[in-house]
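Student: I'd like to go through the salt bridges here. Can you show me the chain to start with?

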Amino acid sequence: MHRTGDDRKAEMSPTVMLTLLFAAFAMFAWSASRRWHLLQSGRPAGDRLDHFGARLRGTWRFAFRQEKMDYYNPAGVAHKLIFTGFVVLLLRTLVLWGRGFYAPFNLWVLGPTQLLGPLYELAKDTVAILVIAGTVVFFYYRLLVRPRRMALSFEGLLILAIILTMMVADMTYDGASVVLAAHMPALCGSGAHSVVANGDASQCPAIATIAAPLTGETWDGRWSPWPAPAGSLFAALFAERSPRALVFLAQLGFWTHATLVLLFLNLLPHSKHFHVITAIPNIFTRSLKPAGRLEPMAASAEKLMEQVGAAGESADPLAAPIGIARIEHFSWKALLDFYTCTECGRCSDNCPAHRTGKILSPKHLTLALRDHLYAREEEFLHETRDPGSADEHPPPNAEAGSGAARTAVNLVSDVIHPDVLWACTTCRACEEQCPVLISYVDKIIDMRRSLVMVRGEFPRELAKPFQGMEANGNPWNLSRSDRSAWSDGLGVPTMREAPSAPVLFWVGCSASYDDRAKKIARATARLLKQAGVEFAILGQEENCTGDPARRAGNEFLFATLAEGNVASINGYKAKGGARTVVTTCPHCFNTLRNEYPDFGLQVEVVHHTDFLLGLVAEGRLVPKNPVRGRVVYHDSCYLGRYNGVYDSPRELLRSIPGVELVEAEYWTKQRGLCCGAGGAQMWMEEQNQDRVNVKRTLQLVDTGATTIASACPFCMTMLTDGIKSKSLEDQIQQLDVAELLDRACAAQETPHAQPPASVATAV
């Protein structure tokens with residue numbers, strides 16, 4: 001078809017579209033390149049492309065299905081609607097950009113007379129309507145509800161306004177185009193009411209250009225749900241508009257949509273909405289290692305000590321990446337985490353420290369590190385572009401070996417207050433809630449490692465536990481000779497006496513020394529004996545697993561304990577015993593199962609609730625005596641969020657006659673609040689008077705339960721103290737699941753005993 005000069009003037013202007021696309025993509029490429037090179041300043045993060053299938057499945061679950069968004073509805077549903085809209089409307093954007101160069105462009109397969117055309121038109125309009133509904137929900141939250149967890153910035157409202165405007169602009173373009181296409185023969189023909197007859201023939205080229213993609217499409221002047229519910233609705237609204245007004249509306253909608261997409265794209269690298277780009281790669285490159293595993297700092301305690309010694313002898317001990325002392329010590333994956341933070345505040349909203357008024361906010365910790373990284377962007381980009389540009393004589397405050405461009409900035413206390421790190425209970429509630437799978441605990445522990453290992457700085461209350469674990473293998477520094485005293489009268493053999501015992505009962509420090517927790521060990525031992533399980537304990541050969549030391553940042557002490565314990569277990573394994581390790585402590589369970597393999601331990605590790613449930617299922621334990629009462633179960637963080645054990649304790653409780661199992665409202669299972677003892681908090685003073693254990697106890701008390709059940713000796717101590725703090729000892733008892741099962745199996749020595757005071761009370 002030959003086009004005249006007037007026809008070309010009426011096109012959607014290829015020159016303008018080309019200029020717009022080139023300028024926008026050039027600006028985005030510049031911004032993205034800077035972010036990419038800044039990311040490269042991070043340290044290696046291991047192989048993040050292994051197990052490709054598992055990574056793809058996780059990306060589908062968390063990036064595309066957005067499973068974790070369901071924790072906060074209707075906001076979660078609204079976010080899914082907007083995300084789905086962006087995915088579906090990406091094709092629409094490509095179509096509009098193409099029409100800027102060639103008016104009839106329909107991506108070759110989406111024309112109105114082609115099979116996919118009407119189907120896509122219906123999908124596009126449907127999701128556009130749903131996107132508008134999603135933006136309305138978020139406007140409601142940001143303008144009316146204004147939740148404290150969210151970053152209520154102008155940027156968020158601007159992005160929502162852009163999204164809403166894009167949807168309306170697209171519908172406006174469609175509506176005006178449909179009317180013009182339907183009436184073009186009449187408008188540009190020879191009829192009495194045509195624009196030609198009325199002396200306004202200049203509108204016909206523009207009308208022809210706008211109507212070109214709709215060749216073959218018909219419209220009867222009414223709204224229709226097929227194939228374009230939104231487009232036909234706007235067409236019905238515009239039906240009485242003049243041709244000139246319709247041309248204006250169509251062009252306004254077209255250029256508004258085409259331009260706002262590019263504006264939005266260029267805002268992303270400079271805003272919290274960068275996660276639109278980074279969330280998918282961040283989720284894909286997530287760690288596939290167990291959630292409860294921290295990366296070892298060295299191959300052995302000896303190698304670690306050599307590294308620490310070498311750092312201590314250098315002019316700048318903090319320059320070496322012993323833990324995390326400076327922003328450049330983080331891996332590129334950690335920096336990608338910083339890029340990806342959506343500032344939604346779900347992490348802080350569920351953080352036990354933050355909810356009880358501590359200085360720690362996982363969200364603000366991440367933002368502080370991200371902002372510090374961005375503020376030093378020029379330094380790192382200078383090094384990335386020209387790694388050999390270091391001055392021969394760097395200034396005194398330049399980091400050794402890094403060149404003159406880099407200033408040595410210690411994260412603690414120049415960026416992060418130390419109390420932020422020491423308030424963390426390592427419960428992983430933040431990580432459970434994060435919709436883009438940012439990790440927090442490993443970063444906090446790494447910064448603690450630097451403080452403890454290099455600077456020798458830690459809360460004074462930890463000095464005694466460190467000394468106790470080093471000298472006597474337990475954080476209370478009690479005599480090693482008393483470690484197996486809990487078993488007096490039960491006839492429990494040691495592995496030394498029964499080296500081929502297939503089951504090793506790992507008692508742990510709390511159940512070995514704490515008077516209240518000893519009852520858990522005794523109940524478990526009675527049940528094992530009643531079921532005919534051949535088991536033994538290590539006795540004085542057992543040391544603390546080192547979990548409190550590792551979570552407190554004392555990696556050397558942890559590695560020393562781990563190497564000793566692994567040697568003991570492997571020694572008996574070589575003799576045919578210790579093929580399965582059973583423990584009542586989730587902290588021991590997590591360490592033995594997820595972290596000791598790095599030190600050479602390869603055995604089956606089972607928590608006592610799982611093991612006992614198996615015995616009940618096999619009929620080797622038969623709960624026959626009623627234990628009447630309403631029971632609420634408290635989920636241990638290291639059993640639940642760390643290792644996914646939620647159902648076994650509950651199934652055990654349901655197997656007991658007379659037990660009425662209830663759940664805390666909201667704060668249960670994955671969302672259960674921490675007891676406050678993890679991360680070595682058991683031995684530290686809380687930073688204010690609003691105690692985590694009391695808050696958790698009250699959540700459980702609100703269920704109306706007469707018994708609070710747990711499956712962790714640390715949780716038992718904290719919840720018992722919470723009950724006492726509210727003077728509820730006469731109304732509510734706190735028992736381990738094993739103790740309740742022990743009563744039901746008629747093996748309880750003192751059926752109505754109340755929990756005595758603990759010798760290891762955290763106050």
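Tutor: Definition up front: a salt bridge is a side-chain nitrogen of Lys or Arg within 4 Å of a carboxyl oxygen of Asp or Glu. Keep in mind that this is a predicted model, where local features need pLDDT of at least 70 and side-chain atom pairs count only at pLDDT 80 or more, while totals for chains, interfaces and linings use all residues. Residues are numbered from 1 along each chain as its sequence is written, and side-chain values use heavy atoms, leaving out hydrogens and water.

Student: Okay, how many salt bridges does the structure hold?

Tutor: Going by that N-to-O cut-off of within 4 Å, we can count them up. The structure's count of salt bridges is 44.

Student: Let's take Arg 654 and Glu 651: what separates them in helix α28?

Tutor: Their closest N and O atoms are 2.9 Å apart, so by the within 4 Å definition they form a salt bridge. Helices here are DSSP runs of H or I with at least four residues, strands are E runs of at least two, and both are numbered from the N terminus. Helix α28 covers residues 647-654, and because Arg 654 and Glu 651 sit three residues apart in it, what separates them is about one helical turn.

Student: Is Glu 328, the partner of Arg 376, buried or exposed?

Tutor: Arg 376 and Glu 328 form a salt bridge with their closest N and O atoms 3.8 Å apart. This pair links distant parts of the chain, 48 residues apart: Arg 376 is in the loop between α15 (362-375) and α16 (377-385), Glu 328 in the loop between α11 (301-313) and α12 (332-340). Buried means under 20% relative accessible area, exposed over 50% and partly exposed in between (1.4 Å probe, protein chains only). Arg 376 comes in at 5%, and Glu 328, at 6%, is likewise buried.

Student: And what is the relative accessibility of Arg 496, which pairs with Glu 541?

Tutor: Glu 541 and Arg 496 make a salt bridge, the closest N and O atoms being 3.6 Å apart. They also link distant parts of the chain, with Glu 541 in the loop between β2 (535-536) and α24 (547-551) and Arg 496 in the loop between α21 (463-472) and β1 (503-506). Glu 541 is partly exposed at 22%, whereas Arg 496 counts as exposed, with a relative accessibility of 61%.

Student: Which residues are linked in a network of salt bridges?

Tutor: Here the bridges join up into a network. Its members are Asp 446, Arg 449, Asp 547, Arg 550, Arg 551, Glu 555 and Glu 595.
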